[in-house]
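I opened the notebook to go through this structure one topic at a time. My list covers the ligand, the pocket, the cysteines and one loop residue.

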Amino acid sequence: MKQLKDRILRDGRCVGEGILKVDNFINHQMDPLLMEAMAEELARRFEAERPTKVLTIEASGIAPAIMVGCKMQLPVVFAKKARPSTMQGMLTTKVFSFTKSREYEICVAGAYLRQGERVLFIDDFLANGNAALGCLELVRQAGADMVGMGFLIEKGFQQGGRLLREQGLKVESLAIVESLSEGKIELR
Ligand code: 5GP
C-alpha cells in the first residue's frame, strides 16, 4: 500500500536489533486518516473470506482492528495479556514477546470466541509470528476458524510470514520491510 510505504520511509525510524519505530503515526501518536485507509484496504482484501469477527491482541493491535471492524461491520475482540480475576470460561495460551524478550499469557473469554465463528486476525506488526500463533491457538481451542490474518507492517526478514503461510493461512501485509540494517529502511 503506497500511502503506508511512503509514510514509513518518511517517518519510520530504525532502532537497535531490527525494530522499526512508527511512534509518530501508529504506535504512540496515531494518524486516524491513514489508519482508516489501511483498514479499508484490509477490509477489501479479506471481504471474500466472509469473517464474522475480528480478533487482535492488546495493546497496539486494537486501533487497526477496531477500524477494520468498523469498515466490515463486525464485532472486535482483543486477547488480554493479563488474566482478569473476574473472567470466566477463559481460553489461554503462552506467547513470547519479541519486543520485550519475555513470555506472557494471553486470554480471551470463551463467550467471545465461539465454535463455528470465522475469525479475521488483525495486528500492527508481524515479526516472528508469536503473537499471531498464540491467537491462532486460542481460535483453535474455541473450535472457530481462522479465515485470514492481516498486518499493517510485516518484517520480511523474520520468520512469522513464512510460518503462517506454511500453515495454508491467508496472510496479507500492507507493507513488507525487507531490511533494517545500518539505520536504513528498505521496503519490498
Ligand atoms: P511477533 O509476535 O510477530 O514476533 O511480534 C509481533 C508483535 O510485536 C506486534 O504485536 C508488535 O506489537 C511487536 N513488534 C514486533 N516487531 C516490532 C517492530 O519492529 N516495531 C514495533 N513497533 N513493534 C514490533
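The entries below record what I looked up.

**Entry 1. Model.** I am working from a predicted model. I keep that in mind for each entry below.

**Entry 2. Ligand surroundings.** Which residues come nearest to the ligand? I found 17 residues around the ligand, and Leu20, Asn128, Gly129, Ala131 and Lys155 come nearest.

Next I went through polar contacts. Asn27 has a polar side-chain atom 3.0 Å from a nitrogen atom of the ligand. Asp124 also uses a polar side-chain atom, which lies 3.3 Å from an oxygen atom of the ligand. For Ala127 the atom is a backbone N or O, and it lies 2.8 Å from a ligand oxygen atom.

**Entry 3. Largest pocket.** I looked up its volume and got about 730 Å³. I then listed the lining, which has 32 residues. Those that lie nearest the pocket centre are Ser60, Ser97, Thr99, Asp124 and Phe125. Several elements give two or more residues to this lining, among them strand S2 (19-21), helix H2 (23-27), strand S5 (90-97) and strand S6 (102-109). Helix H5 (130-142) and strand S8 (145-155) are also on that list.

Which element gives the largest share of the lining? That is S7, with five residues. Strand S7 covers residues 118-126. Asp124 turns up twice in my notes: it lines the largest pocket, and it has the side-chain contact with a ligand oxygen atom.

I sorted the lining by class as well. The count is 15 nonpolar, eight polar and nine charged residues.

**Entry 4. Cysteines.** How many disulfides does a search of the whole structure find? It finds zero. I checked Cys107 in particular. The nearest cysteine sulfur belongs to Cys135 and is 11 Å away. A disulfide needs the two sulfur atoms within 2.5 Å, so this pair does not qualify.

Is Cys107 buried or exposed? Cys107 is buried, because its relative accessible area is 2% and the cut-off for buried is under 20%. Cys70 is another matter. Its relative accessibility is 58%, so Cys70 counts as exposed.

**Entry 5. Ala59.** Where is Ala59 found? I placed Ala59 in the loop between strand S3 (53-57) and helix H4 (62-72). Ala59 has a relative accessible area of 58%, which means that it is exposed. I also looked up its separation from Arg7. The two residues are 52 apart along the chain, and their C-alpha atoms are separated by 22 Å.

Note on methods:
Residues are numbered from 1 along each chain as its sequence is written. This is a predicted model: local features need pLDDT of at least 70, side-chain atom pairs count only at pLDDT 80 or more; totals for chains, interfaces and linings use all residues. Side-chain values use heavy atoms; hydrogens and water are left out. Buried means under 20% relative accessible area, exposed over 50%, partly exposed in between (1.4 Å probe, protein chains only). On a 1 Å grid over the protein atoms alone, a cavity is a set of points where a 1.4 Å probe fits but cannot get out, and a pocket is an open set with protein on both sides within 12 Å along at least five of seven lines; lining residues have an atom within 4 Å of a point. Grid points are joined across faces, edges and corners, and a volume is the space filled by probe spheres set on the points. Helices (H or I, at least four residues) and strands (E, at least two) are DSSP runs, numbered from the N terminus. Ala, Val, Leu, Ile, Met, Phe, Trp, Tyr, Cys and Pro count as nonpolar, Asp, Glu, Lys and Arg as charged, and the others, Gly among them, as polar. A residue is near a molecule or strand if one of its heavy atoms lies within 4 Å of it. A polar contact is a pair of N or O atoms within 3.5 Å; within protein, one must be able to donate a hydrogen and the other to accept it, and residues adjacent in sequence count only if both atoms are side-chain atoms.
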